[in-house]
Amino acid sequence: MSVLPPLPGCGELATIRIEVYGGGGLDAAAYACAWHAASIVATIEAAGWSACPAPRVPESGRPCGHVYRYPTGGLADPPGDTHPRWCDRDGCAARRRHRSTRLPLTPRSPAPPADPPASEALATDDPAAKAPTAKGPASEAPITEAADVALAQALVPGAGPVLVVAVGGAEPGELMLTLDQGRVLSYRLRRLLDLAAATHARRAGPGVRPRNRRGCP
């Protein structure tokens, strides 16, 4: 069986579907976000396959870096393959477990602002406009720890998939949850997010006098 090397995906929701062709027909479909589409195409073509991006993703929910192998294609899993369908097939023996694509929990940083127009650039030539501003803890952006979640399964007979939440840098701390715990956690998180949104919506705006418990002004 021919294989693809690990693709440089980030796990964000894919917006581009990349069809992978070998000598015969359509062998697989890779998924990418706009940031990683070019590097994923280059990785596929460097491995000897043809990559044809399509700007639409008919299947929703596919993460960037995911690869679907067609059962009749040249990348299909052979009979008796031990990898789960969701496994990324990257170093399973070394880490002693199968693992899916890691989906980031850290919000992506916004794109850097575009260069200002020439008229605005000329206006900033005023020395007063270039006066240094005071920096302090309040003016600095908060530091967010890198975090991701993935499926994992130990390389032992009878082991089932679990959810692994990793937080940290090169050697992150991990929290393992069963699939049932993950399902319950998703309900609890949705409830807490709804409560937070409702509390934010009820906050009085500037200059608005809050009402008492009976709703009287």
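Which strand does His 98 lie in? The views below show a predicted model, and the first one gives the answer.

**View 1. His 98 in its strand.** His 98 lies in strand E5, which covers residues 97-99. The residue is buried, because its relative accessible area is 6% and buried means under 20%. The side chain of His 98 makes a polar contact of 3.4 Å with the side chain of His 83.

**View 2. What surrounds His 98.** Leaving aside residues up to four places away in sequence, His 98 touches Thr 82, His 83, Pro 84, Trp 86 and Cys 87, among others. Its contacts also include Cys 92, Leu 151, Ala 152, Gln 153 and Leu 155. His 83 is thus one of the residues touched, and its side chain is the partner in the polar contact.

**View 3. Arg 97 in strand E5.** Arg 97 also lies in strand E5. Arg 97 is buried, because a relative accessible area of 14% falls under 20%. Not counting residues up to four places away in sequence, Arg 97 touches Cys 92, Ala 152, Gln 153, Ala 154, Leu 155, Val 164, Glu 174 and Met 176.

**View 4. A nonpolar patch on the surface.** Leu 185, Leu 189, Leu 192 and Leu 195 make a nonpolar surface patch. The patch measures about 350 Å². One of its members, Leu 189, sits in helix H4, which runs over residues 179-202. Leu 189 is partly exposed, with a relative accessible area of 45%. That value qualifies Leu 189 for the patch, because patch residues need over 30%.

Terms used. Residues numbered from 1 in each chain as written. Predicted model: local features only at pLDDT ≥ 70, side-chain atom pairs only at ≥ 80, totals over all residues. Heavy atoms only, no water. Patch = residues over 30% accessible without salt bridge, like charges linked within 9 Å, V, L, I, M, F, W, Y side chains within 5 Å. Areas by Shrake-Rupley, 256 points an atom, 1.4 Å probe, with all protein chains shown as cover. Salt bridge = Lys/Arg side-chain N within 4 Å of Asp/Glu carboxyl O. Helix = DSSP H or I, 4+ residues; strand = E, 2+ residues; numbered from the N terminus. Buried < 20%, exposed > 50% of the residue type's maximum accessible area, 1.4 Å probe, protein only. Polar contact = N/O pair within 3.5 Å; in protein donor to acceptor, adjacent residues only side chain to side chain. Contact = heavy atoms within 4.5 Å.
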